[in-house]
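This report walks through one protein chain, strand by strand. Keep the coordinates open while reading.

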Amino acid sequence: MLVMFCKNCGKELKEGTLFCSGCGTKIELSSDMKNNSKLSDSLEVHNIQQNLMPTDQINKDGQESSKKNSKGCFAIITFIAVVIFIIVKLVSCSADSSYEIGESAELNGLEISVTSFDTMYSIADGDYVAEDGMIFAIVGVNVYNDGNSERSFMDSIRSYSELVCEGKEFSMASFWFPPSDLLVDAYIAPMASKEGYIVFRIPEKVAENVDEIIIKFIYDSGGIDEKNFEWEEDIESITFSVK
């Protein structure tokens, strides 16, 4: 801080005073005082500039913040998409689902997979011959019991299978003396599997359109009306597309 005195009356003056408060004489600043005043002003400006962030730094920080926000939004969108995908999968699995040959699906504690599909005029070494205009549809099946108790496959009461073609349904063929490899009422021990086949009688013209044939395994999870033997509505089914 500079100390000044009036040249006329000698009164001490405050820094920056233009007129003497004692005699009113105009105060003339010397060159040293002007330089010191400029230096003080420049120091104030410098201090102000030091407290300000450069424009390029502001832009850089803004871009980094924008990138962080973008990454955060992307992560949120990805998470939402995954959740939606899982929900759709769960919903689709609760309804009828299509599986290719070799794939497996759960049904009433059994893991079922269709291993093959073929059509024949006779089975069991010629012991069974299809009627005129009909043919046997042979579906190879592998069944694994992943439960804790013995279970039967196609027990004729709660479980059954259908062959569907162009909206028409065909039931499994029945035999007085079933072939040994026929999987109908076969019991499967826990953690064990059985391989065999199921048979349908279908018209020959249906067999010519194999790509359109669907094998449907059905389990009635709600039970049967014992009086009328009608299936209830809550039927859980698994469909295998045969190609």
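## Sheets and strand pairs

In this model, I135 has I202 in β13 as its bridge partner. That pair belongs to a longer match: β8 and β13 run antiparallel and are joined by 11 bridges. The model is a predicted one.

**Overall make-up.** The protein chain contains 15 strands and 3 helices. It has 243 residues, and 28% of them are buried. The accessible surface is about 16,600 Å². Carbon and sulfur atoms account for 53% of that surface. Contacts reach along the sequence: of those between residues at least 6 apart, 63% join residues at least 24 apart.

**The antiparallel sheet.** What is the strand order in the open sheet of 4 strands? The order reads β4-β5-β8-β13, and the pairing is antiparallel. The edges are β4 (104-107) and β13 (193-203). Each has a single partner strand, so one side of each has no neighbour in the sheet. From one strand to the next, the twist averages 35°.

The pairs can be taken in order across this sheet. β4 and β5 run antiparallel and are joined by 4 bridges. Between them lies a hairpin with 2 residues linking the strands. In its turn, N108 has a positive phi of about 55°. Next, β5 (residues 110-120) pairs with β8 (residues 134-145) in the antiparallel sense over 10 bridges. The β8 to β13 pair follows, with 11 bridges.

The table lists single residue pairs from this sheet and from the mixed sheet described below.

| Residue | Opposite residue | Strand of the opposite residue |
|---|---|---|
| E106 | E111 | β5 |
| L110 | N145 | β8 |
| I135 | I202 | β13 |
| L163 | F170 | β11 |

V114 and V141 are also bridge partners.

**Burial in this sheet.** Which side chains of β4 are buried? A105 and L107 are, and they point to one face. S104 and E106 point to the other face and are not buried. This fits a general pattern. In a regular strand, side chains alternate between the two faces of the sheet. β8 is mostly covered, with 9 of its 12 residues buried.

**The mixed sheet.** A second open sheet has 5 strands. Its order is β3-β15-β14-β10-β11, and its pairing is mixed. Here the edges are β3 (98-99) and β11 (168-171). Each edge strand has a single partner, so one side of each is left without a neighbour in the sheet. β10 and β11 pair in the antiparallel sense over 4 bridges. Within that pair, L163 is matched with F170 in β11.

**Two buried serines.** Is S159 buried or exposed? S159 sits in strand β10 (residues 159-165). Its relative accessible area is 6%, under the 20% cut-off, so S159 counts as buried. Leaving aside neighbours within four places in sequence, S159 is in contact with N108, M154, I218 and Y219. N108 is the turn residue of the β4-β5 hairpin. The C-alpha atoms of S159 and V184 are separated by 9.5 Å, with their positions 25 residues apart along the chain.

S152 is found in strand β9 (residues 151-152). With a relative accessible area of 15%, S152 is buried too. Beyond neighbours within four places in sequence, S152 is in contact with L110, D185, A186 and Y187. L110 stands opposite N145 in β8.

**A nonpolar surface patch.** Which residues form the nonpolar patch on the surface? They are I76, F79 and I80. Together they have about 330 Å² of accessible area. I76 is found in helix α2 (residues 55-94). The relative accessible area of I76 is 52%, over the 50% cut-off, so I76 counts as exposed.

**In brief.** An antiparallel sheet of 4 strands and a mixed sheet of 5 strands have been traced here. S159 is buried at 6% relative accessible area, and S152 is buried at 15%. I76, by contrast, is exposed at 52%.

Terms used: Residues numbered from 1 in each chain as written. Predicted model: local features only at pLDDT ≥ 70, side-chain atom pairs only at ≥ 80, totals over all residues. Heavy atoms only, no water. Buried < 20%, exposed > 50% of the residue type's maximum accessible area, 1.4 Å probe, protein only. Contact = heavy atoms within 4.5 Å. Areas by Shrake-Rupley, 256 points an atom, 1.4 Å probe, with all protein chains shown as cover. Pairing = 2+ DSSP bridges. Axes fitted to C-alpha atoms, helices over the stretch in contact; angles between N-to-C directions. Patch = residues over 30% accessible without salt bridge, like charges linked within 9 Å, V, L, I, M, F, W, Y side chains within 5 Å. Salt bridge = Lys/Arg side-chain N within 4 Å of Asp/Glu carboxyl O.
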